[in-house]
Amino acid sequence: KQWYQRRVAITAGEAGGTQDVDICGMCDAIIEGQYLTALDSKFHPDCFACVNCKSKIEPGQDFYERNDKPLCVDCYYLLYGYKCKVCEEYIKGQRLVWGDDAFHFQCVKCTSCSEALCETDDLKVINKKDFVHVKCC
């Protein structure tokens with residue numbers, strides 16, 4: 001099973017017509033009235049919540065998915081995110097990975113010139129632990 005690391009839009013609508021029977025993708029009950037559409041399913045507005053912490057996910061709010069079920073951004077990072085070895089904060093976006101360790105680029109400095117690293121920098125690793133800009137070698 002794979003976690004999809006993408007953000008998905010939620011749209012709101014209203015069930016209508018006597019021939020349409022919409023079933024909630026979370027509770028499997030019939031939807032009458034307002035609903036949310038996400039993950040190729042319809043949901044009662046109160047049912048669309050994080051499968052981990054059960055907090056409600058509102059229209060326009062970012063979330064991740066697994067097995068067509070929503071996971072809020074905070075729970076995704078808590079359960080599956082990378083923590084920066086330097087600052088211990090979760091890394092949202094680009095990260096520098098060396099062995100089992102992950103870093104925010106801005107938390108790691110070139111051991112030669114002491115400038116913070118950037119995603120576009122050409123880097124070299126010396127002594128299996130020191131990050132150095134190639135231009136500083």
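Does D130 count as buried or exposed, and at what relative accessibility? At 17% relative accessibility, D130 counts as buried. The legends below return to this residue and visit several other spots in what is a predicted model.

**Figure 1. Overview of the predicted model, with 1 helix and 12 strands.** Welcome to the whole protein before we zoom in. Along the sequence, the elements follow the pattern β-β-β-β-β-β-β-β-α-β-β-β-β. The protein has 137 residues, and 29% of them count as buried. Among contacts with a separation of 6 or more, 25% come from residues 24 or more positions apart. The exposed area is about 9,000 Å², and carbon and sulfur atoms supply 45% of it.

**Figure 2. A salt bridge between strands β3 and β6.** The whole structure holds 5 salt bridges, and this view shows the one formed by D22 and K42. Their closest N and O atoms are 3.3 Å apart. D22 sits in strand β3 (residues 22–23) and K42 in strand β6 (residues 41–43), so the salt bridge ties together parts that are 20 residues apart in sequence. The two partners fall into separate accessibility classes: D22 has 15% relative accessibility and counts as buried, while K42, at 25%, counts as partly exposed. D22 is classed as buried because its value lies under the 20% cut-off.

**Figure 3. The salt bridge of K129 and D130.** Here is the residue from our opening question, together with its partner. The side chains of K129 and D130 meet at 3.5 Å, N to O. K129 is exposed, with a relative accessible area of 56%, whereas D130 is buried at 17%. Elsewhere, D46, K56 and E58 are joined into one network by salt bridges that share partners.

**Figure 4. A look at K56 and E58, two members of that network.** The side chains of K56 and E58 form a salt bridge, with N and O 3.8 Å apart. E58 has a relative accessible area of 37% and is partly exposed. K56 is partly exposed too, with a relative accessible area of 36%.

**Figure 5. Two positive phi values in the loop between β11 and β12.** Take a moment here to look at the backbone. N127 has phi near 60 degrees, a positive value in a residue other than glycine. K128 also has phi near 60 degrees and is likewise not a glycine. N127 lies in the loop between β11 and β12 (130–133), and K128 is found in that loop as well. Both side chains belong to exposed residues: N127 has 58% relative accessibility, and K128 has 72%.

**Figure 6. H104 and its surroundings.** H104 is placed in the loop between β10 (101–103) and β11 (123–126). With 11% relative accessibility, H104 counts as buried. Its side chain reaches the backbone oxygen of Y90 at 3.4 Å. Setting aside neighbours within four places in sequence, H104 contacts C84, C87, E89, Y90 and I91. Y90 therefore appears in this view both as a contact of H104 and as the residue whose backbone oxygen the H104 side chain reaches, the 3.4 Å separation being within the 4.5 Å contact limit.

**Figure 7. A cluster of tyrosine rings.** The whole structure contains 8 aromatic pairs. One of them is Y76 with Y77, an edge-to-face pair with ring centres 5.2 Å apart and 80 degrees between the planes. Both of these residues are buried: Y76 at 5% relative accessibility and Y77 with a relative accessible area of 8%. Y76 also pairs with Y80; the centres are 6.3 Å apart and the planes at 35 degrees, so this pair is tilted. Y76 and Y80 are 4 residues apart in helix α1 (residues 73–80), and are therefore separated by about one helical turn. Y80 is partly exposed, at 36% relative accessibility. Ring pairs link Y64, Y76, Y77 and Y80 into the cluster.

**Figure 8. A nonpolar patch on the surface.** Our last stop is made by V21, I23 and I30, which form a nonpolar surface patch of about 280 Å². Of these residues, I30 is placed in strand β4 (residues 30–31).

Conventions:
Residues are numbered from 1 along each chain as its sequence is written. This is a predicted model: local features need pLDDT of at least 70, side-chain atom pairs count only at pLDDT 80 or more; totals for chains, interfaces and linings use all residues. Side-chain values use heavy atoms; hydrogens and water are left out. A salt bridge is a side-chain nitrogen of Lys or Arg within 4 Å of a carboxyl oxygen of Asp or Glu. Buried means under 20% relative accessible area, exposed over 50%, partly exposed in between (1.4 Å probe, protein chains only). A polar contact is a pair of N or O atoms within 3.5 Å; within protein, one must be able to donate a hydrogen and the other to accept it, and residues adjacent in sequence count only if both atoms are side-chain atoms. Patches are made of residues with over 30% relative accessible area and no salt bridge: like charges are joined within 9 Å, nonpolar side chains (Val, Leu, Ile, Met, Phe, Trp, Tyr) within 5 Å. Accessible areas come from the Shrake-Rupley method with a 1.4 Å probe; for residues, only the protein chains shown count as cover. Rings of Phe, Tyr and Trp (its six-membered ring) pair if their centres lie within 6.5 Å; planes under 30 degrees apart count as stacked, over 60 as edge-to-face and the rest as tilted.
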